[in-house]
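Subject: Handover of a structure and findings

Dear colleague,

Please find below the structure I am handing over to you. My account of what was found in it follows directly after.

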Amino acid sequence: MGVRSPGQNRPGGEKKSGEELDKIVARARQTLDERMKGYREQSLRIHPWVCARCGREFTVKNLHLLTVHHKDHNHENNSSDGSNWENLCIYCHDNEHRRFLDYEEGAGVGESGERRKPATHKPFAKLADLLKPDKREPHESS
Ligand SMILES: [Zn+2]
Ligand SMILES: [Zn+2]
């Protein structure tokens, strides 16, 4: 007559709840990963496997060359209707981002460059013009 109801005071009970927590965390991470990856698959499901720029068609064999571009360049804007996604081949996708960067850089440099040049030239010239004669003349004459 030894063992009657085993397992009530098992430490296993505590372990189980810990494992469950781990499982929940793992599941949450998985769904997040799936969501992050998901937009490409979703876009490929919604849109045809054709590059929106060059019209190149893709099959399962070369589908890895087809990427999903965010039209507004905001990777967090993943509307489930796919309105912010565009299927682009890696070349056109690269091109698209370069064009976007060129445009931004060009506009930025153009504006600040034009503003800076006269801004730095004017006070410099004025300072030199004003300081030299004004300070030296009275100094030398007095
Ligand atoms: Zn393309
Ligand atoms: Zn993109």
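Cys 92 has a relative accessible area of 14% in this predicted model, and because this value is under 20%, the residue counts as buried. Cys 92 is one of the protein donors of the zinc ion (ligand 1), alongside Cys 51, Cys 54 and Cys 89. Each of these cysteines contributes its SG atom, and the donors lie 2.3 to 2.4 Å from the ion. Along the chain, the donors of the zinc ion (ligand 1) follow the spacing C-x2-C-x34-C-x2-C. The angles subtended by the four donor atoms are 102 to 117°, and the arrangement is therefore tetrahedral. For reference, the ideal angle for four tetrahedral donors is 109.5 degrees.

The other donors of this site may be taken in turn. Cys 89 is buried, with a relative accessible area of 1%, and Cys 51 is likewise buried, at 2%. Cys 54, by contrast, is partly exposed, with a relative accessibility of 45%. The structure holds zero disulfides.

Cys 51 lies in the loop between α1 and β1. Setting aside residues up to four places away in sequence, Cys 51 touches Arg 56, Phe 58, Leu 66, Asn 87, Leu 88, Cys 89 and Cys 92. Cys 51 and His 93 are 42 residues apart in sequence, while their C-alpha atoms are 9.1 Å apart in space.

His 93 leads to the second metal site. The zinc ion (ligand 2) is coordinated by His 69 through ND1, and by His 93 and His 97 through NE2, at 2.0 to 2.1 Å. In sequence, these donor residues are spaced H-x23-H-x3-H. His 93 and His 97 both belong to helix α2 (residues 90–141), where they sit four residues apart, about one turn of the helix. His 93 is buried, with a relative accessible area of 15%, whereas His 97 is partly exposed, at 29%.

The remaining donor, His 69, brings us to the strands. Strand β1 covers residues 66–70, and five of its five residues are buried, so the strand is largely enclosed by the rest of the structure. Leu 66, Val 68 and His 70 point one way from β1, and Thr 67 and His 69 point the other way. Strand β1 is joined by five bridges to strand β2 (residues 85–89), and the two run antiparallel. Within this pairing, Leu 66 stands opposite Cys 89 in β2. The loop between β1 and β2 contains His 73, a residue that has a positive phi of about 60° although it is not a glycine.

Which residues make up the largest nonpolar core? There are nine in all: Leu 44, Cys 51, Phe 58, Leu 63, Leu 65, Leu 66, Leu 88, Cys 89 and Cys 92. Three donors of the zinc ion (ligand 1), namely Cys 51, Cys 89 and Cys 92, are thus found in this core. In soluble globular proteins, nonpolar side chains tend to be buried together. Leu 66 is in contact with several members of the core, including Leu 44, Cys 51, Phe 58, Leu 88 and Cys 89. Beyond its neighbours within four places in sequence, the contacts of Leu 66 also include Arg 40, Trp 49, Val 50 and Asn 87.

Ser 43 is found in helix α1 (residues 12–46). Its relative accessibility is 0%, so Ser 43 counts as buried. Residues up to four places away in sequence not being counted, Ser 43 touches Val 68, Trp 85 and Asn 87.

Finally, a word on the chain as a whole. The protein chain has two helices and two strands, and from the N terminus on, its elements run α-β-β-α. Of its 142 residues, 16% count as buried. Among contacts between residues at least 6 apart in sequence, 48% join residues at least 24 apart.

With kind regards

Terms used
Residues are numbered from 1 along each chain as its sequence is written. Chains are lettered from A and ligands numbered from 1 in the order in which they are written. This is a predicted model: local features need pLDDT of at least 70, side-chain atom pairs count only at pLDDT 80 or more; totals for chains, interfaces and linings use all residues. Side-chain values use heavy atoms; hydrogens and water are left out. Donors are N, O and S atoms within 2.8 Å of the metal (3.2 Å for Na, K and Ca); water is not among the atoms, so sites may look incomplete. Four donors count as tetrahedral if all angles lie between 85 and 135 degrees; four count as square planar and six as octahedral if opposite donors are over 155 degrees apart and all others between 65 and 115; anything else is irregular. Buried means under 20% relative accessible area, exposed over 50%, partly exposed in between (1.4 Å probe, protein chains only). Two strands pair if DSSP finds at least two bridges between them. Contact means heavy atoms within 4.5 Å. A nonpolar core is a set of buried Ala, Val, Leu, Ile, Met, Phe, Trp, Tyr and Cys residues joined through side-chain atoms within 4.5 Å. A disulfide is a pair of cysteine sulfur atoms within 2.5 Å.
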